[in-house]
Amino acid sequence: MSIEDSGLAYNDIEQTPSLQIEHEFVQNSERVKSVDLHPSEPWILVGLYSGTICIWNYETKTEEKSFKVSESPVRSAKFITRENWVVTATDDKFIRVYNYEKMEKVVEFEAHKDYIRSLAVHPSLPYVVSASDDHVLKVWDWRKGWACVETFEGHTHYVMQVALNPKDTSTFASASLDGTLKIWDLNSSTPNFTLEGHLKGVNCVDYFTINEKQYLLSGSDDYTAKVWDYDTKNCVKTLEGHGNNVTAVCVHPELPIIITASEDSTVKIWDAITYRLKTTLNYGLERVWSIGYKKGSYQLAFGCDRGFIMVKINCSSLNLQDAKQD
């Protein structure tokens, strides 16, 4: 479906008094469970519920590459750009890796005992961290033939997402349907600490830093997102307003805004300093499952039940309030 068919135009801009968002590209497809943006190419990696991954060029609005990964849903797909790879996780419990230049499979192996929900690629070490419905997280070292070099146990329900700490890449966070967030060290199988406060399961987690202070952001089946002070381990703000489960959260790497996505079919954008709601977006693509972003860009991607959309934030319309996000 073209963007015109969807009722959007390339130069459409949604405006609030402090925020302008330009629609760049929308594409209808099967359900999109995962989106990831390449750090240098104009590519969006899309993981589909049908078991396929696609790489779309969002400048030319064309599909450049496609791989049939599995008959099971792809719940997470990430670029490993220093190797020209894509790594995928599926409901058949396998991790599969593809070389996107040669268009060939590099490796596949059974990684967990249940669905794999999330993958995180370490920024410098040859590691991929996986999170699964088997309640376990694992670290895989591709320089050692994709050997599992550490297993992390402690959650009592599905582990929905894993996020690496950008300020200390030896640590990472996990979100689980047991209602908790746990912080781990790559070299220890027991958690450093646990955060509790959501009333239902936690689906997603992200790190962010404002004015040199670090926080965690989480989203839950209790319809809220929470901001946690990383040092004091206290919840400093609960973001309320979604009408269904919060499925994905992030803080923009360049701008002081929090983005939350939900099964209520909306995306909400909040001020990361005042926590005030700036705008609510609904692109008519039904439930929103994933958010993609990259450093050095004001673009965002959202994966939904009926496709994906790329948008661009007009940063000149934002009041940055002298805040610095690392």
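What follows is a walk through a predicted model, from its annotated repeats to one strand residue and then to its cysteines.

The UniProt record, an unreviewed entry, lists "repeat: WD" for residues 25-66, 109-141, 152-194, 195-238 and 239-280. For two of these spans the model can be set beside the annotation. Residues 25-66 are 0% helix and 64% strand, and the C-alpha atoms at the ends of that span lie 18 Å apart. In residues 109-141 the end C-alpha atoms are separated by 13 Å, with 0% helix and 61% strand along the span.

Threonine 52 offers a local view, since this residue belongs to strand β5, which covers residues 52-57. With a relative accessibility of 14%, threonine 52 counts as buried, because the cut-off for that class is under 20%. Leaving aside residues up to four places away in sequence, the contacts of threonine 52 are Val46, Gly47, Ser66, Phe67, Lys68, Val69 and Val74.

The cysteines call for a separate look, and a search of the whole structure returns 0 disulfides. Cysteine 204 takes part in no disulfide, and the nearest cysteine sulfur, which belongs to cysteine 250, is 9.9 Å away. Seen from the other side, cysteine 250 has its closest cysteine sulfur in cysteine 204, and because the 9.9 Å between them is too far for a bond, whereas a disulfide requires sulfur atoms within 2.5 Å, the two remain unpaired in this model. As for their surroundings, cysteine 204 counts as buried because its relative accessibility is 0%, and cysteine 250, at 1% relative accessibility, counts as buried too.

How values were computed. Residues numbered from 1 in each chain as written. Predicted model: local features only at pLDDT ≥ 70, side-chain atom pairs only at ≥ 80, totals over all residues. Heavy atoms only, no water. Buried < 20%, exposed > 50% of the residue type's maximum accessible area, 1.4 Å probe, protein only. Helix = DSSP H or I, 4+ residues; strand = E, 2+ residues; numbered from the N terminus. Contact = heavy atoms within 4.5 Å. UniProt positions renumbered as here; feature names shortened; annotations may be inferred.
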